[in-house]
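Me: Got a minute to walk me through this one? I'd like to start with the sheet and then go to the helices.

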Amino acid sequence: MNRIIHFEIHADDIERARTFYKAVFGWEIEKWPNMEYWMVMTGPQESKEPGINGGMVLRSKAPDCPPLADNQAINAFACTVQVENIDEIVKKVLDAGGKIAMPKFDIGGMAYQAYCKDTEGNTFGLHELIKKV
């Protein structure tokens, strides 16, 4: 199967983006030795919870890659983060300097979804499963 194993967040200002993701999700983001690359730990390496860890890089400066065609910034698909409470996370997004791209909506009674933008203009999704009583 072709599963996603890593993600990258492209940022114009690494420290601003690190501060945002730490404030919103509590992620640990540390510089990788000898590279202009930061590892994003969304959870402990030994965690049994589903999910992946990723990286952060200066926009259009992916390590060991040739320049993109026309020197354009990367235009990627949006990653979605499963959360316990979208409303609480949306408040954290706004408090940390992010924006709402698409307000919370119901996905057929199964889950709520919303889309936000981080401080770098990247879009990401939020997903909250609806708990059946």
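**The sheet and what packs on it**

Reply: Sure. This is a predicted model. Four strands make an open sheet, ordered E5-E8-E7-E6, with mixed pairing.

Me: Which strands stand at the edges?

Reply: E5 (80-82) and E6 do. Each has a single partner strand, so one side of each has no neighbour in the sheet.

Me: And how many degrees does the twist average?

Reply: It averages 20 degrees from one strand to the next.

Me: How many bridges join E6 to E7?

Reply: Six, and the two strands run antiparallel. Ile107 sits opposite Ala111 of E7.

Me: What does H1 touch in the sheet?

Reply: H1 packs on the sheet and touches E5, E7 and E8. The direction of H1 makes about 5 degrees with that of E8.

Me: Switching to H2. Which residues are buried there?

Reply: H2 covers residues 86-95, and its buried residues include Ile86, Ile89, Val90 and Val93. They span an arc of only 105 degrees around the axis, which puts them on the same side of H2.

Me: Why would residues a few places apart point the same way?

Reply: An α-helix has 3.6 residues a turn, so residues three or four places apart point the same way.

Me: What's exposed on the other side of H2?

Reply: Glu88 and Asp95 are exposed there.

Me: And what covers the buried residues of H2?

Reply: The cover includes helix H1 (14-25) and strands E6 (99-107), E7 (111-117) and E8 (123-129).

Me: Anything at the ends of H2?

Reply: At the start, a side-chain oxygen of Asn85 comes within 3.0 Å of the backbone nitrogen of Asp87. Just after H2, Gly97 has a positive phi of about 100 degrees.

Me: Now the core. How many residues are in the largest nonpolar core?

Reply: It has 24 residues. Those with the most contacts inside it are Tyr21, Phe25, Trp27, Met56, Phe124 and Leu126.

Me: Which element supplies the largest share of this core?

Reply: H1, with six residues. Strand E1 (7-11), H1, strand E3 (38-41), H2, E7 and E8 each supply at least two.

Me: Back to Leu126. What is it in contact with, leaving aside neighbours within four places in sequence?

Reply: Leu126 contacts Phe25, and also Ile86, Ile89 and Val90. Those last three are among the buried residues of H2. Other contacts of Leu126 include Thr80, Val81, Val83, Tyr112, Gln113, Ala114 and Cys116.

Key: Residues numbered from 1 in each chain as written. Predicted model: local features only at pLDDT ≥ 70, side-chain atom pairs only at ≥ 80, totals over all residues. Heavy atoms only, no water. Buried < 20%, exposed > 50% of the residue type's maximum accessible area, 1.4 Å probe, protein only. Arc of directions from axis to C-beta. Contact = heavy atoms within 4.5 Å. Polar contact = N/O pair within 3.5 Å; in protein donor to acceptor, adjacent residues only side chain to side chain. Core = buried A, V, L, I, M, F, W, Y, C linked by side-chain atoms within 4.5 Å. Pairing = 2+ DSSP bridges. Axes fitted to C-alpha atoms, helices over the stretch in contact; angles between N-to-C directions.
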